[in-house]
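This briefing is intended for a reader who meets the structure for the first time. Please keep the sequence and the model at hand while reading.

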Amino acid sequence: MIIIMHPQVTDAEINGVKDKLKSLGLESNISRGVERTIIGAIGDERKIHKESLQALAGVEDVIRVVKPYKIVAREWHKADTVINIKGIPVGGKTIQIIGGPCSVETQAQMDLAAQGVEQAGCRLIRGGAFKPRTSPYSFQGKGVEGLKIFRQAADKYNLPIVTELMDVRHLDAFLEHGVDVIQIGTRNMQNFDLLKEVGKIHTPVILKRGLCATLSEWLMSAEYIAAGGNHNIILCERGVRSFEKAYRNMLDVTAIPVLKKETHLPVIVDPSHAGGKAWLVPTLSKAAIAAGADGLLVEMHPQPCDAWCDADQALTPDELKDLVGDLRGIAQAVGRII
Ligand code: PEP
Ligand code: MN
């Protein structure tokens with residue numbers, strides 16, 4: 001940490017900062033310039049609150065030198081993390097496309113969805129049994145009954161399942177039904193108690209980006225999960241809130257290469273919740289793969305018009321199949337395979 005002192009700083013104020021740093025277990029290195037005195041704090045600064053130094057007399061600014069996250073940082077783990085989901089790698093050379101409906105509705109719907117996912121060449125299936133809806137009057141998901149339906153449909157095609165956990169009270173049911181990947185949705189990216197709980201298990205977690213979260217805040221949420229011992233984390237960019245009303249959210253393509261530089265964790269993209277329209281999904285998917293994404297989370301419904309949730313953005317099974325085919329060429333161009 002670097003502490004920049006006011007231009008008219010006194011020796012007493014400098015000593016005050018030195019004493020404070022000492023009490024926090026850090027050494028100080030004082031550098032007196034022509035205009036300013038700066039104090040370098042030597043030691044592990046991660047446990048120190050910037051504010052506790054900023055409030056001291058004579059301090060103008062405090063600048064962190066190291067990143068606040070550690071386990072998820074590329075700095076500490078150079079190689080890409082590859083997560084193994086029942087033998088399916090996420091984060092390596094192979095790009096994984098996770099397809100499936102927004103929500104689990106009926107057994108017949110999920111059976112058709114699983115068939116469509118398999119026929120499209122996808123290796124994992126998504127579907128929400130617990131849905132975070134803006135209105136309390138909208139369909140809230142089938143709950144535990146939905147997990148059973150989902151499991152049954154996916155097992156016919158040997159597809160690992162991805163489903164959203166909204167409440168720690170449902171975690172036991174998720175483990176009982178053998179959920180293969182737990183999704184933490186946008187609205188819960190900073191639900192720290194939930195993050196701590198999924199940090200205690202080893203089930204892979206897809207951590208979606210909060211509606212207006214910075215990359216640093218998002219990585220700190222990932223760090224919460226990792227700090228508990230679960231390092232099987234996949235980040236999912238799904239668009240951020242913007243001023244534009246022509247589409248649902250703004251897909252932050254720039255976040256992909258920046259995250260790949262900052263972290264060793266796999267980064268996937270959800271083009272469906274970003275665009276909010278089925279016709280936008282192919283273009284956003286191509287942009288994501290070209291920018292280096294390790295996979296996609298795409299909404300597909302056997303009959304999009306009849307979907308109980310997010311009907312506008314769901315692809316048909318045939319459209320998903322065509323998309324996977326089209327993406328193969330882009331993947332090859334960037335040295336990946338699908
Ligand atoms: C979802 O994937 O079903 C979902 C609700 O996404 P998000 O959390 O990105 O809104
Ligand atoms: Mn949805």
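The points below cover a central strand, a metal site and a set of salt bridges.

The model is predicted. Strand 7, residues 96-100, is mostly covered, and a manganese ion (ligand 2) has protein donors that include C102. Across the whole structure, a search finds 21 salt bridges.

**Strand 7 and its neighbours**

- Of the 5 residues in strand 7, 5 are buried.
- In a regular strand, side chains point alternately to the two faces of the sheet.
- In strand 7, one side carries Q96, I98 and G100, while the other carries I97 and G99. Both faces are covered, as these residues are all buried.
- Strand 14, residues 295-299, pairs with strand 7 in the parallel sense, over 5 bridges. Within this pairing, G99 stands opposite V298 of strand 14.
- Strand 8, residues 124-126, also runs parallel to strand 7 and is joined to it by 2 bridges. Here L124 in strand 8 is the bridge partner of I98.
- Between strand 7 and strand 8 the chain passes through helix 3, residues 107-120, and this β-α-β crossover is right-handed.

**The manganese site**

- Four protein atoms serve as donors to the manganese ion (ligand 2): SG of C102, NE2 of H273, OE of E299 and OD of D310. They lie 2.0 to 2.4 Å from the ion.
- Along the chain, the donors follow the spacing C-x170-H-x25-E-x10-D.
- Two of the donors, C102 and D310, link distant parts of the chain, being 208 residues apart. C102 belongs to the loop between strand 7 and helix 3, and D310 to the loop between strand 14 and helix 11, residues 317-333.
- C102 counts as buried because its relative accessibility is 4%, below the 20% cut-off.

**Salt bridges**

- Side chains of opposite charge can pair when their charged atoms come close.
- D310, one of the manganese donors, also forms a salt bridge with R248, with the closest N and O atoms 3.2 Å apart. R248 sits in the loop between strand 12 and helix 8, residues 255-262, and is 62 residues from D310 along the chain. With a relative accessibility of 36%, R248 counts as partly exposed.
- E237 and R209 form a salt bridge whose closest N and O atoms are 2.9 Å apart. E237 is in strand 12, residues 233-237, whereas R209 is in the loop between strand 11, residues 205-208, and helix 7, residues 215-227. These two residues are 28 residues apart.
- E237 is buried, with a relative accessible area of 0%, and R209 also counts as buried, at 6% relative accessibility.
- R336 and D294 form a salt bridge with the closest N and O atoms 2.6 Å apart. R336 lies in the segment after helix 11, and D294 lies in the loop between helix 10, residues 281-290, and strand 14. The pair is separated by 42 residues.
- D294 is buried, its relative accessible area being 1%, and R336 counts as buried at 14% relative accessibility.
- K86, R151, D155 and D180 are joined into one network by salt bridges that share partners.

Conventions: Residues are numbered from 1 along each chain as its sequence is written. Chains are lettered from A and ligands numbered from 1 in the order in which they are written. This is a predicted model: local features need pLDDT of at least 70, side-chain atom pairs count only at pLDDT 80 or more; totals for chains, interfaces and linings use all residues. Side-chain values use heavy atoms; hydrogens and water are left out. Buried means under 20% relative accessible area, exposed over 50%, partly exposed in between (1.4 Å probe, protein chains only). Helices (H or I, at least four residues) and strands (E, at least two) are DSSP runs, numbered from the N terminus. Two strands pair if DSSP finds at least two bridges between them. A crossover is right-handed if, with the strands pointing away from the viewer, the path from the first strand over the helix to the second runs clockwise. Donors are N, O and S atoms within 2.8 Å of the metal (3.2 Å for Na, K and Ca); water is not among the atoms, so sites may look incomplete. A salt bridge is a side-chain nitrogen of Lys or Arg within 4 Å of a carboxyl oxygen of Asp or Glu.
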